[in-house]
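Trainee: Please give me a close look at one part of this model, the sheet, together with whatever packs against it. State the cut-offs as you go.

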Amino acid sequence: MQFAINSLDQNNCLQLLPLIQTLKQDITTDEWQSYVDSFTGRNSRECGIITVKNTAGYYLGVLCYKIVEDVSHQMVMDVTNYVTADFLGRNDISDTLLEWLEGQAISRTCHAIHLTMDIQHTIIPESGYTKSIPNQLADKGYVCDAIRLCKRLSN
């Protein structure tokens, strides 16, 4: 199956919302629109929302990235909201996104990729499932070298 990788067209951002809601179930339309808007018009740093569509035009993958400086790795591609809708134990969509990600990081002279996955809302198959995204990432050389902790503050 062929997939197209493109930057998110803001006019179509609501079509991507159901995929994002697999990670962030309580995100509203307005919150998602505001988040997408925050990625436009930035001159001080490079960032974007990358999508994967199939030939029928359905969104099947997304990632958000920012190029940032890191004390350990210098320039890095910092990736969040990594979601793929891989079917039947295949990782075609995830493979497509990871190939794009690594190629773009190299072309932007990044020294590392930092990929943060939201464990609380990500469906991670049983550890014995060899085609899970965590196993796929490990097979491609990604290692857990940090843990992101978060404390929600009440207003």
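Mentor: Strand 4 and strand 5 run parallel and are joined by four bridges; strands pair here if DSSP finds at least two bridges between them. Met77 has Ile113 of strand 5 as its bridge partner. The model is predicted, so local features need pLDDT of at least 70 and side-chain atom pairs count only at pLDDT 80 or more, while totals for chains, interfaces and linings use all residues. Residues are numbered from 1 along each chain as its sequence is written, and side-chain values use heavy atoms, with hydrogens and water left out.

On its other side, strand 4 pairs with strand 3 in the antiparallel sense, over nine bridges. These two strands form a hairpin with three residues between them, and Asp70 stands opposite Gln74 of strand 4. Strand 3 is also antiparallel to strand 2, with seven bridges, and here Ile50 faces Leu63 of strand 3. The hairpin of strand 2 and strand 3 has four residues between the strands, and Gly57 in its turn has a positive phi of about 90°.

Taken together, five strands make an open sheet of mixed pairing, in the order 1-2-3-4-5. Strand 1 (3-7) and strand 5 (112-115) are its edges, each pairing on one side only. From one strand to the next the twist averages 25°, with axes fitted to C-alpha atoms, for helices over the stretch in contact, and angles from 0 to 180 degrees between N-to-C directions. Helix 2 (residues 29-38) packs on this sheet, touching strand 2, strand 3 and strand 4, and its direction makes about 115° with that of strand 2. Helix 3 lies across strand 1, strand 2, strand 3, strand 4 and strand 5, at about 165° to strand 4.

In chain order the elements read β-α-α-β-β-β-α-β-α, which gives four helices and five strands. They are DSSP runs numbered from the N terminus: helices are H or I with at least four residues, strands E with at least two.

The sheet also contributes to the largest nonpolar core, which has 21 residues; Leu63, Tyr65, Met77, Val79, Leu101 and Ile113 touch the most other members. Such a core is a set of buried Ala, Val, Leu, Ile, Met, Phe, Trp, Tyr and Cys residues joined through side-chain atoms within 4.5 Å. Buried means under 20% relative accessible area, partly exposed lies in between, and exposed is over 50% (1.4 Å probe, protein chains only). Strand 2 (47-54), strand 3 (59-70), strand 4 (74-84), helix 3 (92-107) and helix 4 (133-139) each give two or more residues to this core. The largest share, six residues, comes from helix 3. Leaving out residues up to four places away in sequence, Val79 is in contact (heavy atoms within 4.5 Å) with Leu63, Cys64, Tyr65, Leu101, Ile113, His114, Leu115 and Thr116.

A second, separate core has 17 residues, among them Cys13, Leu16, Val36 and Cys47. Cys13 counts as buried because its relative accessibility is 1%, and Cys47 does so at 14%. For the chain of 155 residues as a whole, 34% count as buried. Of the contacts with a separation of 6 or more, 58% join residues 24 or more positions apart.
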